[in-house]
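Q: I've just opened this one and I'd like to go slowly over a single part of it. Could you take the aromatic contacts and the strands around them, and then follow the thread wherever it leads?

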Amino acid sequence: MHMENNVFEQMAKRYDTEDRIELANIIVKEVRPQLQNSKTKTLIDYGSGTGLISLELTDLVDSALLVDSSNQMLEVAQAKISHKEIDNAKVLYSDFTQETPELKADIVLVSLVLLHIPDTTKILRELYNILNDDGKLIIIDFDKNDKINHPMVHNGFEHNELKQKLQEVGFAATTIETFHHGNRIFMNQDASMFISTSVK
Ligand SMILES: C[S@@+](CC[C@H](N)C(=O)[O-])C[C@H]1O[C@@H](n2cnc3c(N)ncnc32)[C@H](O)[C@@H]1O
C-alpha cells in the first residue's frame with residue numbers, strides 16, 4: 001500500500017500527460033450525463049489524483065471534495081483549483097482504507113482507483129457508509145484483462161463479480177456497462193473501461 005502511494009507521490013508533477021488527459025476527457029464525457037439534476041448535490045471524488053475528472057464536473061454539482069492518499073497529487077489539484085478560481089472545490093488528504101472520516105456526500109465518484117486498492121469489498125463498504133440515503137456511487141475502471149499481471153493492481157474487474165460485491169455491502173441497484181475500448185490504456189495493453197452506477 002505504502003509503496004503504491006510512493007509511486008503516486010513521485011508521479012504527481014508529471015501525471016497530466018497528453019494520453020492521461022485524453023483518457024480523462026473520455027471519462028468526463030461519460031460521467032457528465034450521470035450528473036444531470038445534481039446542482040444541489042455534494043460530490044466526493046475518491047482517489048481524485050490531480051483532478052482531471054472532477055475539476056471538469058464542478059459546474060454540475062453544488063460542491064466537490066477531491067480526496068486522495070497522495071499529498072503531491074492533491075497539491076497539483078489545489079494549484080488547478082486556485083488557478084482556475086473554482087470556488088466550489090476542495091481537497092482532502094485521506095485514505096479510507098486506513099481511517100473512517102466523518103464525511104457525507106450525495107455522489108461518490110471513483111475513477112481508476114479501485115484497481116489500486118487490494119480489498120475491494122472493504123473500500124466499497126466505506127464508500128457506502130459515507131453516502132447519504134439515496135446516494136449514488138459511480139465507478140470507472142477497467143474490464144477484467146488477462147494480459148495484465150501485476151502484484152500491486154487488480155487486472156480489471158468482471159462485471160458480475162463487482163455487482164455481487166456492491167450488493168453485498170448494501171447497494172440497492174447497479175448497472176454496469178463497457179463504454180470505451182482503447183489501445184495501450186491499461187499498463188500498456190489494449191483494454192476497455194466500464195462505468196458502474198449504484199444507488200444506496
Ligand atoms: C490512476 S490515478 C486516478 C486519478 C483520477 N481519479 C483519474 O481518473 O484521473 C489513482 C489515484 O488513486 C489514489 N489512491 C490510490 N490508493 C488510494 C487510497 N487507498 N485512498 C485514496 N486514494 C488512493 C492515488 O494516489 C492516485 O492519485
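How many aromatic pairs does a search of the whole structure find?

A: Three aromatic pairs turn up when the whole structure is searched. One of them is Tyr-128 with Phe-171, an edge-to-face arrangement with the ring centres 5.0 Å apart and the planes at 90°. Tyr-128 belongs to helix H4 (residues 120-130) while Phe-171 sits in the loop between helix H5 (159-169) and E6, so this pair ties together parts that are 43 residues apart in sequence. Phe-171 has a relative accessible area of 4%, and since the cut-off for buried is under 20%, this loop residue counts as buried. Keep in mind throughout that this is a predicted model, so everything here is a reading of computed coordinates.

Another of the pairs is Phe-142 with Phe-186, and this one is stacked: 4.1 Å from centre to centre, with 5° between the planes. Phe-142 comes from strand E5 (residues 131-142) and Phe-186 from strand E6, so here the pair ties together parts that are 44 residues apart in sequence. Both rings are tucked away. Phe-142 is buried at 3% relative accessibility, and Phe-186 is buried too, with a relative accessible area of 2%.

Back to Tyr-128 for a moment, because its ring has another neighbour besides Phe-171. Lys-200 lies over the face of Tyr-128, at 4.4 Å from the ring centre.

Now the strands. E6 pairs with strand E7 (residues 189-199) in the antiparallel sense, over ten bridges. If you want to walk along that pairing, try Thr-174, whose bridge partner in E7 is Ser-198. Then go to His-180, which stands opposite Met-193 in E7. The hairpin of E6 and E7 leaves two residues between the strands, and in it Met-187 takes a positive phi near 45°. E5 joins E7 as well, running antiparallel to it over seven bridges. Here a pair to look for is Lys-136, which stands opposite Val-199 in E7. So what about cover for E7, which pairs with both E5 and E6? E7 is mostly covered, with eight of its eleven residues buried. As a reminder for when you look at side chains, in a regular strand they alternate between the two faces of the sheet.

E5 has its own backbone quirk. Asp-134 is found in this strand, and its phi is near 65°, a positive value in a residue other than glycine. With a relative accessible area of 65%, Asp-134 is exposed, whereas Phe-142 in E5 is buried. A similar phi story plays out elsewhere: Asn-37, in the loop between H2 and E1, has a positive phi of about 60° although it is not a glycine. Asn-37 is exposed as well, at 76% relative accessible area.

E6 also leads us to the pocket. The largest pocket has a volume of about 1,200 Å³. It is lined by 43 residues, and the closest to its centre are Phe-8, Tyr-15, Arg-20, Leu-112 and His-116. Strand E6 (173-186) supplies at least two residues of that lining, as do helix H1 (2-11), helix H2 (18-31) and strand E1 (42-46). The largest share, seven residues, comes from H2. By type, the lining divides into 22 nonpolar, 13 polar and eight charged residues.

Two of those central residues bring us round to aromatic rings again. Arg-20 lies over the face of Tyr-15, with 4.2 Å to the ring centre, and both are among the residues closest to the centre of the pocket. Phe-8, another of that central group, has its place in helix H1. Phe-8 counts as buried at 18% relative accessibility, which makes sense of the label because the cut-off is under 20%. To place Phe-8 against the rest of the chain, check Ala-105: the two lie 97 residues apart along the chain, and their C-alpha atoms are separated by 25 Å.

Conventions. Residues numbered from 1 in each chain as written. Predicted model: local features only at pLDDT ≥ 70, side-chain atom pairs only at ≥ 80, totals over all residues. Heavy atoms only, no water. 1 Å grid on protein atoms, 1.4 Å probe; cavity = no way out; pocket = protein on both sides within 12 Å on 5 of 7 lines; lining within 4 Å. Points joined across faces, edges and corners; volume = space filled by probe spheres on them. Helix = DSSP H or I, 4+ residues; strand = E, 2+ residues; numbered from the N terminus. Nonpolar A, V, L, I, M, F, W, Y, C, P; charged D, E, K, R; others polar. Phe/Tyr/Trp six-rings, centres within 6.5 Å; stacked < 30°, edge-to-face > 60°. Buried < 20%, exposed > 50% of the residue type's maximum accessible area, 1.4 Å probe, protein only. Lys NZ or Arg CZ within 6 Å of the ring centre and 35° of its normal. Pairing = 2+ DSSP bridges.
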